[in-house]
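Good morning, and thank you for coming. I would like to take you through one structure that may be new to you, beginning with a single residue and widening the view from there.

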Amino acid sequence: MGLSSQAILCMQWDEAKSALKQRIMDMERQADLNSCPNFRVPDTHKYRPLPMTYLSQLEIYKFRKSFTLARCEAFTSMVLEARFNSIPREQRLCPCGSDEIESIEHMMFRCSRHKKIRAKYITPLLKDMAGQSDSDYCNQLLLDYSWTTTKLVAKSRAACHSIDS
Ligand SMILES: [Zn+2]
């Protein structure tokens with residue numbers, strides 16, 4: 001666990017127990033983060049085992065659910081469906097006919113099915129983020145750094161979900 005026996009022997013019983021417990025918790029936390037590499041966690045929450053702010057601020061269930069699914073990339077899409085059907089990634093195309101993979105970036109920034117929703121909720125948020133990649137935009141919109149951003153993104157995802165289902 002990265003602690004030398006000499007270092008442990010120099011500690012009192014309770015101190016050693018506490019240090020080992022903390023080390024085990026750190027390792028489990030790291031294993032959790034590694035097992036879900038697509039889950040977006042801002043730097044402020046990386047080492048803090050507390051719920052994200054949006055979980056309490058987004059009081060309306062459909063907004064909270066839509067935002068969570070987007071953050072986890074677990075929303076209904078060809079990408080999700082294909083994970084369970086062994087369809088190669090390059091064949092997980094969006095039904096909009098663009099020949100693009102139905103990723104979160106495609107849905108938020110390019111999909112023709114969500115054009116009006118994007119114009120209403122997402123485009124205004126991108127004005128201050130010019131010149132970045134879609135992946136960077138996506139991370140910033142889903143990291144829950146700003147309540148205004150989180151609220152608008154959650155509303156857009158819920159609106160998209162109602163179109164898709
Ligand atoms: Zn599309």
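Let me begin with Ile 117, whose contacts include Ile 122, Ser 156, Ala 159, Cys 160 and Ile 163, leaving aside residues up to four places away in sequence. Please bear in mind that what you see is a predicted model. Ile 117 sits in helix 7. Is Ile 117 buried or exposed? Its relative accessible area is 13%, and because buried means under 20%, Ile 117 counts as buried. For a sense of distance, consider Pro 51: Ile 117 and Pro 51 are 66 residues apart in sequence, and their C-alpha atoms are 28 Å apart in space.

I turn now to the overall layout. The protein chain is divided into two parts, domain 1 covering 5-35 and domain 2 covering 54-164. Taken over C-alpha atoms, the centres of domain 1 and domain 2 are separated by 38 Å.

Next, the nonpolar core. Which residues touch the most other members of the largest nonpolar core? They are Met 108, Phe 109, Ile 122, Leu 141, Leu 142 and Val 153, in a core of 25 residues. At least two residues of this core come from each of helix 4 (61-71), helix 6 (104-109), helix 7 (115-126), helix 8 (134-142) and helix 9 (147-164). Helix 7 contributes the most, namely five residues.

Phe 109 deserves a closer look. Not counting residues up to four places away in sequence, Phe 109 touches Arg 118, Ile 122, Leu 126, Asp 134, Tyr 137, Cys 138 and Leu 141. A further residue to consider here is Glu 105, which is placed in helix 6. Glu 105 is buried, with a relative accessible area of 16%. With the same exclusion of residues up to four places away, the contacts of Glu 105 are Arg 40, Arg 110, Asp 134, Ser 135 and Cys 138.

Let me move to helix 4, where Ser 66 lies. Ser 66 has 10% relative accessibility and so counts as buried. Beyond residues up to four places away in sequence, Ser 66 touches Ala 154, Arg 157, Ala 158 and His 161.

Now to the aromatic rings. How many aromatic pairs does a search of the whole structure find? The search finds two. One of them is formed by Tyr 54 and Phe 67 and is edge-to-face, with 4.8 Å from centre to centre and 70 degrees between the planes. This pair links distant parts of the chain, Tyr 54 being in helix 3 (residues 54-57) and Phe 67 in helix 4, 13 residues apart. Both partners are shielded by the protein: Tyr 54 is buried at a relative accessible area of 2%, and Phe 67 is buried at 0%.

I close with the metal site. Which residues are the protein donors of the zinc ion? They are Cys 94 through SG, Cys 96 through SG, His 106 through NE2 and Cys 111 through SG, at 2.0 to 2.4 Å from the ion. The angles among the four donor atoms run from 103 to 117 degrees, and the site of the zinc ion is tetrahedral. Along the chain, the donors follow the spacing C-x1-C-x9-H-x4-C. Of these donors, Cys 94 has a relative accessible area of 5% and is buried.

Thank you for your attention.

Technical notes: Residues are numbered from 1 along each chain as its sequence is written. This is a predicted model: local features need pLDDT of at least 70, side-chain atom pairs count only at pLDDT 80 or more; totals for chains, interfaces and linings use all residues. Side-chain values use heavy atoms; hydrogens and water are left out. Donors are N, O and S atoms within 2.8 Å of the metal (3.2 Å for Na, K and Ca); water is not among the atoms, so sites may look incomplete. Four donors count as tetrahedral if all angles lie between 85 and 135 degrees; four count as square planar and six as octahedral if opposite donors are over 155 degrees apart and all others between 65 and 115; anything else is irregular. Buried means under 20% relative accessible area, exposed over 50%, partly exposed in between (1.4 Å probe, protein chains only). Domain bounds come from an automatic or database domain assignment. A nonpolar core is a set of buried Ala, Val, Leu, Ile, Met, Phe, Trp, Tyr and Cys residues joined through side-chain atoms within 4.5 Å. Helices (H or I, at least four residues) and strands (E, at least two) are DSSP runs, numbered from the N terminus. Contact means heavy atoms within 4.5 Å. Rings of Phe, Tyr and Trp (its six-membered ring) pair if their centres lie within 6.5 Å; planes under 30 degrees apart count as stacked, over 60 as edge-to-face and the rest as tilted.
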